[in-house]
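Here is a short walk through a structure, meant to be read with your viewer open. Keep your selection tool at hand and follow the stops in order.

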Amino acid sequence: MKKYTALLLASTMMLTALTGCGGAGGSDAQTQEADGPISLEFWHSMGGTTGEVVQEIVDEFNASQDDIHIDCIYQGDYTTGGTKIQAAVSAGNGPAIAQIEVTRVGTYAAADCLLDLTPYAEADTEFDVDDLYPGVMDYSYYEDKLVSLPNGRSVPVMYYNVDALKAAGFDEAPATWDELRAAAAATTDPANGVYGYGCPLGDSWYYLALMLTAGGQVYNDEGNNIGFNNESGTKPLQLWLDMVNDGSLYLPDGDDYSSLSALRNAFMAGICNITMQSSSQYRSLADNSDFEVGVAFIPKDVTYAAIPGGSNLVSFGTNLSEEEKQAVWTFMKYMCSGDVAGKYAAMTGYLPTSDAAVNSEIYQETLAQYPYLDIAVDQLEYFVKLPFDEAYAEIKDNVIGKYVQEVIIAGMSPEEAVQNMYDETAAFYA
């Protein structure tokens, strides 16, 4: 309870610090040299090869015109970058443009920190936000204001070693939990240190993904507590416990995002044959594995479901000049344009955000080479809406995620864990 009280206090302090916040106006980088281009900072959280793609796209934007220069700055992963953004915004020096994890959009929108993009979108005759897929626009509007645009959106998917599953007699990807357990058991080889299945337990996203396929919902209808304080919440935890007990579940070292990386490495090394990761990892896994990498929906218990994730673009430029705000919009819509969004999706595995992106030449050419690239697009019809408030991000990361690990690592029962999730979320909204 002490930890929970600290979480509640920290969340409350964050909202207090952000209330009435200004942005971008305090940064020396948000300036316009005399007779020179407008210079704006863009903070992002894409490292490695994905970060190189982001930089390439920004360089292409800068080269395409002479009026705006974007300074592309990597600030660390979502956790590290999010902390830096929070500190900068609280100090009145938020970046003109930032890529933030989608569940954090509501926090800044509620504190009135984000630039309202509505007038720029309405006045634009060349770019129509209605052309973007409805599912990826769920985190774009707050109180009827357009406050963000989708960029780097993803869904959790199942990756599998096609060669290993075929050798064990499975010609198709597991589509149900029972099929998942059967395939995992059949491809487990304890003598050689090979496991059938691995899942990143440091990230509640994958637990919630399974919970949704068991018929639950993230929040209740009243929007003030979890919507899985029942079998839909306990069954995923019991599934994982059963797989730990039969020896088919690989447990990566580390927590939070470190376990994601460890699990990807184990999958590519052939240590586990089935795993759950973001759709954005497809290109990387396919390019660095010595076997055919298959991609499929998260297996279902009673229904298919897709829980959205990834990032959106926002602007903290509420104090910028009108000319600078227009420059912000110009860059943000560029990132969402068909060819650019198509390139980003093709080069990474992130979700293309519109028909124009799917039909872009680069996406279609890449799809011919990477046939599972559009699995994420196929899941759009199963997208679920997530809570859009300042509390959900903290609950997801620090309440739900905590008790998932308590079950698998510390021996707490699934029933007690879900009840604790329910009780702590109720206290948050009391």
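Before the first stop, one term: two strands count as paired if DSSP finds at least two bridges between them. Also keep in mind that this is a predicted model.

**Stop 1: strand β4 and its partners**

Select residues 97-101, which form strand β4. Five of the five residues here are buried, so the strand is largely enclosed by the rest of the structure. Which residues cover each side? Color Ile97, Gln99 and Glu101 for one face, then Ala98 and Ile100 for the other; all of them are buried.

Now add strand β2, residues 38-44, which pairs with β4 in the parallel sense over two bridges. To see a bridge, pick Trp43: its partner in β4 is Ala98. Next, show strand β15, residues 309-314, which runs antiparallel to β4 and is joined to it by four bridges. Here Ile100 stands opposite Asn312 of β15. As a reminder, strands of a sheet pair through backbone hydrogen bonds, either parallel or antiparallel.

**Stop 2: the five-stranded sheet**

Move on to an open sheet with mixed pairing, whose five strands come in the order β12-β9-β13-β8-β14. The edges are β12 (249-250) and β14 (293-296), each of which pairs on one side only. Within the sheet, select β9 (residues 195-198) and β13 (residues 272-278), a parallel pair with three bridges. Tyr195 is a good marker, since Cys272 of β13 stands opposite this residue.

**Stop 3: Ala184**

Select Ala184, in helix α7 (residues 177-186). Is this residue buried or exposed? Its relative accessible area is 0%, so Ala184 counts as buried. Show everything around Ala184, leaving aside neighbours within four places in sequence, and you will find contacts with Gly196, Tyr197, Met243, Ser248 and Ile274. For a distance to try in the viewer, draw a line from the C-alpha of Ala184 to that of Leu165: the two are 19 residues apart in sequence and 8.8 Å apart in space.

**Stop 4: helix α9**

One of the contacts of Ala184 was Met243, and that residue is among the buried ones of α9. Select the helix, residues 231-245. These 15 residues reach 20 Å from the first C-alpha to the last, close to the 21 Å expected at 1.5 Å a residue. The buried set also includes Pro236, Leu237, Trp240 and Leu241. In general, an α-helix has 3.6 residues a turn, so residues three or four places apart point the same way. Just after α9, click on Gly247, where phi is positive at about 80°.

**Stop 5: two buried charged side chains**

Begin with Asp124, in the loop between α5 (118-123) and β5 (141-142). A relative accessible area of 14% falls under the 20% cut-off, so Asp124 is buried. What does the side chain of Asp124 reach? One target is the backbone nitrogen of Glu126, at 2.8 Å. The Asp124 side chain also makes a polar contact with the side chain of Trp329 (2.8 Å). Beyond its neighbours within four places in sequence, Asp124 is in contact with Trp329 and Lys333.

Then jump to Arg283, in helix α11 (residues 282-287). Arg283 has a relative accessible area of 14% and is buried. Its side chain reaches the backbone oxygen of Ala346 at 2.7 Å. Other residues in contact with Arg283, again leaving aside those within four places in sequence, include Met347, Thr348, Gly349, Thr366 and Tyr370.

**Stop 6: out to Pro371**

Select Pro371, placed in the loop between α15 (361-369) and α16 (375-378). At 52% relative accessibility, Pro371 counts as exposed. Draw a second line, from Pro371 to Val404: they are 33 residues apart in sequence and 33 Å apart in space, C-alpha to C-alpha.

**Last stop: zoom out**

Show the whole protein chain, with its 18 helices and 15 strands. Its C-alpha atoms fill a box of roughly 70 × 50 × 30 Å along the principal axes. The radius of gyration is 22 Å, which agrees with the value near 22 Å for a compact globule of 430 residues. Buried residues make up 58% of the chain. Among contacts between residues at least 6 apart in sequence, 76% join residues at least 24 apart. Try a surface view to finish: the accessible surface comes to about 17,200 Å², and 47% of that belongs to carbon and sulfur atoms.

Notes:
Residues numbered from 1 in each chain as written. Heavy atoms only, no water. Expected span 1.5 Å × (residues − 1). Buried < 20%, exposed > 50% of the residue type's maximum accessible area, 1.4 Å probe, protein only. Polar contact = N/O pair within 3.5 Å; in protein donor to acceptor, adjacent residues only side chain to side chain. Contact = heavy atoms within 4.5 Å. Rg over C-alpha atoms; globule rule 2.2 N^0.38 Å. Areas by Shrake-Rupley, 256 points an atom, 1.4 Å probe, with all protein chains shown as cover.
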